[in-house]
Amino acid sequence: MRPPSLRQIEAFRAVIEAGTVSRAADMLHISQPAASKLLSNLEDDIGLKLFDRDSGRLVLTDRGMRLYEEIDRIFAGIDQIAHAVELVRREERGRLDVGVMPGLSGKFIAEVVSRFLEKHPAVHVRVNTRSSQFLVDWLHTRQIDVGIITIVPDQAHLAITQLTEEPFCCIMPKNHPKAKLDRITPADLANERFVSFVPNSYTRRRIEAAFEKDDVAPTNILEATTATTICELVAAGLGLALVHPLMMEHVRDRVASRPFEPAIASGFLICRPQPVRDRELVASFSSAAQEVAREWVEAHRSNS
C-alpha cells in the first residue's frame with residue numbers, strides 16, 4: 001500500500017462534487033481517461049474500493065463516502081488557512097471595518113466610502129449596517145474600527161466626535177399648506193397627520209420631548225422603523241415628519257422642508273475604540289464623513 005498523491009485526492013474529490021468523471025476532468029483540466037486512471041490508481045494504492053461500477057457509472061461506496069468526509073474536513077482546514085493568508089494580506093495594505101446606523105446606510109455612507117477610497121484606494125473596507133446599540137457593542141468589543149451612531153454610548157474606552165451639528169427639520173408634501181411657513185413649531189403640527197419613528201426608539205423619544213415642552217402631542221397615524229421609510233411615506237402625501245437633512249437625500253426633490261423649533265440636535269456621533277487599530281485610517285474616514293455631511297447640509301439649506 002502506498003500513500004495517495006495529492007493529484008489522486010483532487011480527482012477523487014472532484015468526481016464526487018462534480019457528479020461524473022467527465023465533469024471532474026473538465027474541472028481539473030485533464031482528459032477523462034486521465035481522470036479515470038487517477039481514480040483507479042488511488043484505489044490500488046490505498047487498497048480500498050471507493051466506487052462500484054454500475055453500467056459505466058461510478059457509485060460511491062460506504063468506504064468511499066467515509067474517506068471523502070475526512071478529505072473534505074482536511075480541505076476545509078486548508079481553506080481556512082487560505083482565508084487567514086488573505087486577512088494578513090489585507091492587513092498589509094490596510095483594513096477598515098465600518099459600522100453605520102440604518103438611517104445613513106444608503107447614499108450617505110456610499111459617498112463617504114467613495115471619498116475615503118480616493119485617498120486610500122488599496123484599503124479593504126467592510127461596511128456593517130446595524131442599529132446603534134449593536135454598533136456600540138461592536139465598538140466596545142473592537143469588531144469594528146469606527147461607527148456612525150445616534151445614541152450616546154458609555155464613553156469608557158471610546159472616542160466620540162460630532163458628525164454634524166445641523167438639527168432636525170420638518171418635511172411635508174410639496175403642496176402642503178404648512179410649506180408656506182418659514183419654520184414649524186410643535187403647535188403647527190398639533191392637528192396634522194404625523195409620521196413617526198416606532199415607540200421607544202431613541203429618535204422618537206427625543207422628538208416627543210420637544211413636543212412635551214409645548215404641551216403638544218402629535219397625531220401619530222403612521223410609524224416606521226427607518227428614516228428611509230418615513231421619508232417615502234411623507235413623499236407619498238401621507239403626513240408630516242421630523243427627520244434630519246442627511247436622512248432625506250433620496251426624497252429631497254419630492255418634499256418641502258422647513259426648520260423646526262425648538263431645535264432637535266442631530267445626535268449623530270462618530271465613535272471609535274481607544275486605542276484604535278489604525279488611527280490614520282479612522283481619522284481619514286471620520287474626516288470624509290464630516291466633509292460629506294457638511295456638503296449635504298449646505299445643499300439642503302440652499303434648496304429649502
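## Exercises on a predicted model

Being 4 residues apart in helix H4 (residues 62-93), Glu70 and Arg66 are separated by about one helical turn. The exercises below concern a predicted model, and the first begins with this pair.

**Exercise 1. Describe the salt bridge between Glu70 and Arg66, and state how exposed each residue is.**

Step 1. The side chains of the two residues meet with an N to O distance of 2.7 Å.

Step 2. Partly exposed residues fall between the limits of under 20% for buried and over 50% for exposed. Glu70 has a relative accessible area of 27% and is therefore partly exposed. Arg66, at 47%, is likewise partly exposed.

**Exercise 2. Determine which parts of the chain are tied together by the salt bridge between Arg2 and Asp45.**

Step 1. The closest N and O atoms of Arg2 and Asp45 are 3.0 Å apart.

Step 2. Arg2 belongs to the segment before helix H1 (6-18), whereas Asp45 belongs to helix H3, so the bridge ties together parts that lie 43 residues apart in sequence.

Step 3. The partners stand in contrasting surroundings: Arg2 is exposed, with a relative accessible area of 56%, while Asp45 is buried, at 11%.

**Exercise 3. Locate the partners of the salt bridge between Arg301 and Glu166, then place it among the salt bridges of the structure.**

Step 1. The side chains of Arg301 and Glu166 meet at 2.4 Å, N to O. Arg301 is in helix H9, and Glu166 is in the loop between strand E6 (158-162) and strand E7 (169-173); the pair links distant parts of the chain, 135 residues apart.

Step 2. Glu166 is buried, with a relative accessible area of 12%.

Step 3. The structure holds 20 salt bridges. A network of salt bridges also links Arg95, Asp97, Asp145 and Arg277.

**Exercise 4. Identify the residues with the most contacts inside the largest nonpolar core, and the helix that gives the largest share of this core.**

Step 1. The core has 59 residues, and those with the most contacts inside it are Leu104, Phe108, Leu163, Leu242 and Phe285.

Step 2. Helix H9 (residues 279-303) supplies the largest share, 9 residues.

Step 3. Phe108 serves as an example. Apart from neighbours within four places in sequence, its contacts are Ile148, Leu163, Leu246, Ala289, Val292, Ala293 and Trp296.

Step 4. A second, separate core has 20 residues, among them Ala11, Ala18, Leu39 and Leu42.

**Exercise 5. Characterise the lining of the largest cavity and of the largest pocket.**

Step 1. A search of the whole structure finds 1 cavity of 30 Å³ or more. The largest cavity holds about 40 Å³ of space, and its lining consists of Arg115, Phe116, Lys119, Ser284, Ser287, Ala288 and Glu291. Helix H5 (107-119) and H9 each give two or more residues to this lining, with the largest share, 4 residues, coming from H9. By class, the cavity lining has 2 nonpolar, 2 polar and 3 charged residues.

Step 2. The largest pocket holds about 330 Å³ of space. Of its 19 lining residues, Ser132, Thr150, Ser201, Thr203 and Thr225 lie nearest the centre. Helix H6 (132-140) and helix H7 (202-213) each give two or more residues to the pocket lining, and H7 gives the most, with 3 residues.

Step 3. The lining of the largest pocket divides into 8 nonpolar, 10 polar and 1 charged residues.

Terms used: Residues numbered from 1 in each chain as written. Predicted model: local features only at pLDDT ≥ 70, side-chain atom pairs only at ≥ 80, totals over all residues. Heavy atoms only, no water. Core = buried A, V, L, I, M, F, W, Y, C linked by side-chain atoms within 4.5 Å. Buried < 20%, exposed > 50% of the residue type's maximum accessible area, 1.4 Å probe, protein only. Contact = heavy atoms within 4.5 Å. 1 Å grid on protein atoms, 1.4 Å probe; cavity = no way out; pocket = protein on both sides within 12 Å on 5 of 7 lines; lining within 4 Å. Points joined across faces, edges and corners; volume = space filled by probe spheres on them. Nonpolar A, V, L, I, M, F, W, Y, C, P; charged D, E, K, R; others polar. Salt bridge = Lys/Arg side-chain N within 4 Å of Asp/Glu carboxyl O.
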